[in-house]
Amino acid sequence: MQTRFAHISDVHLGSWGGTDLKQLAIKAFNQTIDRCINKNVDFIIISGDLFETGRPPTTVLMEAFRRLRELNKKNIEVLVVPGSHDFSPSGNTMLNVLESADLITNVSQGQMENGKLKLNFHEPTEGVKVTGMLGRAGSLESKAYQLLNQKQLEKEPGFKIFMFHSAINEYKPEYLKRMKGIKLSYLPKNFDYYAGGHVHKQDKFHEEDYGHITFPGAIFPTDYRELEKNQHGSFYIVDVNENQIEIQTEKIEVAPITSIEIDAENKTPEMVEQNINKEIKKREIENSITLLKIYGVLKTGKTTEIGLNEIRNKIKDLGATAVRTNINQLKTKEYQEFDVKAGDRKELEQKLIEEHIGQFELNDKTDKEKQQLTKQLFDKLSIEKEDGEKKKDYKERVVQDALKTLGIKKELEKTL
């Protein structure tokens, strides 16, 4: 048996909203499809998050339809599993529309038999069998994994590919430690290739009783940290020759990254601006995605006194394709002094709770229990965003912790 396929994940078409980076994400998608065609792949697998949302903008849909139709005409089948971003809050996904138009095949299909989930196999080319599991927000798919009929999957003969959209706990890098995932043991054994997604980091692993466990990374960074850390997008071209597997990394770079870091420690806003202007003159700005990070505690003044809008415009005038700024670690002396007086804040919180506790409609709790619950909620909602943590992961963590405190986490899971 001989075949070649592309393994793509985390396309996130429609990411970056209405910004200039949105077009770069679409450009990365087009480069990826062009590369697949030029490499003469037999089929393409997309392991989750083709779209940024379950209801992507019309312009994004039109581009996706155009390229998928082109692949269809060239007899290059596209196999997918839905990712956590592919679903709308109501549970709908545009992938259903694409599948009804015969532009993709969703391989995460199966049925319950004797209390077990039996997945179906799909054969994109002779000798290759593909199946997989979808991904959901908060790794809620982990419950479905526990229902899998693993024996049925493991006994299936042939060259087998298992697609999934989940982090694997045993392989998570340190900076993704808070990302929820599944255990390695949840994956069925005896597959030749495990096509992972969800983790926007390129990686390959191999374990006894498992074949190649792979994560190709996103084809375009989806936030500031990824732009800074990953620099570019990627996917895999996989060649199979008589069960011998060769995995080739394909780099997708739509624009170079120029990073500028400014230490504002004990400086005035004017001094910070001067340092930024000096650094801009030293860098190759034209046609790049310019990242500007400012950190430290200002000597005087406010962070808003740094003319970021003017600086961004200056960088764009120098020919930058896009500009992104990060001042998450920039503080003022006034902020620091306020931070230190935590005791005063707690005292104020206690007075406010005692004054307004009667407005809580919790008939099964005493006023004292209501006060304790409110304090716990304050603590959960005051958790700070960790360095490198994505906004959506931070938001989900805070919401999940708050709902757990309220004792309604199970109800949330039913709606997701």
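Strand 1 (2–8) is largely enclosed by the rest of the structure, because five of its seven residues are buried. Buried here means under 20% relative accessible area, exposed means over 50%, and partly exposed lies in between (1.4 Å probe, protein chains only). Strands (E, at least two residues) and helices (H or I, at least four) are DSSP runs, numbered from the N terminus.

A word on the source: this is a predicted model, in which local features need pLDDT of at least 70 and side-chain atom pairs count only at pLDDT 80 or more, while totals for chains, interfaces and linings use all residues. Residues are numbered from 1 along each chain as its sequence is written, and side-chain values use heavy atoms, with hydrogens and water left out.

**The sheet around strand 1**

Strand 1 belongs to an open sheet of six strands with mixed pairing, in the order 4-3-2-1-14-15. The edges are strand 4 (105–106) and strand 15 (244–252), each of which pairs on one side only. Two strands pair if DSSP finds at least two bridges between them. Strands of a sheet pair through backbone hydrogen bonds, either parallel or antiparallel. The table lists three pairings, each with one pair of facing residues.

| Strands | Direction | Bridges | A facing pair |
|---|---|---|---|
| strand 1 and strand 2 | parallel | four bridges | Ile8 and Ile46 |
| strand 2 and strand 3 | parallel | five bridges | Ile44 and Val78 |
| strand 1 and strand 14 | antiparallel | six bridges | Arg4 and Asp239 |

Phe5 also has a partner in strand 2, where it stands opposite Phe43.

**Strand 2 and its surroundings**

How many residues of strand 2 (residues 43–47) are buried? Five of its five are, leaving the strand mostly covered. In a regular strand the side chains alternate between the two faces of the sheet. In strand 2 both faces are covered, with Phe43, Ile45 and Ser47 buried on one side and Ile44 and Ile46 buried on the other.

The chain passes from strand 1 through helix 1 (residues 20–38) to strand 2 in a right-handed β-α-β crossover. From strand 2 it continues through helix 2 (residues 58–73) to strand 3 (residues 77–81), and this β-α-β crossover is right-handed too. Right-handed means that, with the strands pointing away from the viewer, the path from the first strand over the helix to the second runs clockwise.

Helix 1 lies across strand 1, strand 2, strand 14 (233–241) and strand 15, and runs at about 145° to strand 15. Such angles run from 0 to 180 degrees between N-to-C directions, with axes as lines fitted to C-alpha atoms, for helices over the stretch in contact.

**The nonpolar cores**

The largest nonpolar core has 45 residues, and those with the most contacts inside it are Leu13, Ile44, Leu50, Phe51, Phe220 and Ile289. Helix 1 gives the most to this core, with nine residues. Apart from it lies another core of 23 residues, among them Leu117, Phe164, Ala167 and Tyr171. A nonpolar core is a set of buried Ala, Val, Leu, Ile, Met, Phe, Trp, Tyr and Cys residues joined through side-chain atoms within 4.5 Å.

Not counting residues up to four places away in sequence, Ile44 touches Ala6, Ile8, Cys36, Leu71, Ile76, Glu77, Val78 and Leu79. Contact means heavy atoms within 4.5 Å.

**Two glutamates**

Glu77 lies in strand 3 and, with a relative accessible area of 24%, is partly exposed. Its side chain makes polar contacts with the side chains of Thr105 (3.0 Å) and His122 (2.7 Å). A polar contact is a pair of N or O atoms within 3.5 Å; within protein, one must be able to donate a hydrogen and the other to accept it, and residues adjacent in sequence count only if both atoms are side-chain atoms.

Is Glu226 buried or exposed? Glu226, in helix 6 (residues 224–230), counts as buried because its relative accessibility is 0%. The side chain of Glu226 makes a polar contact of 2.8 Å with the side chain of His200.
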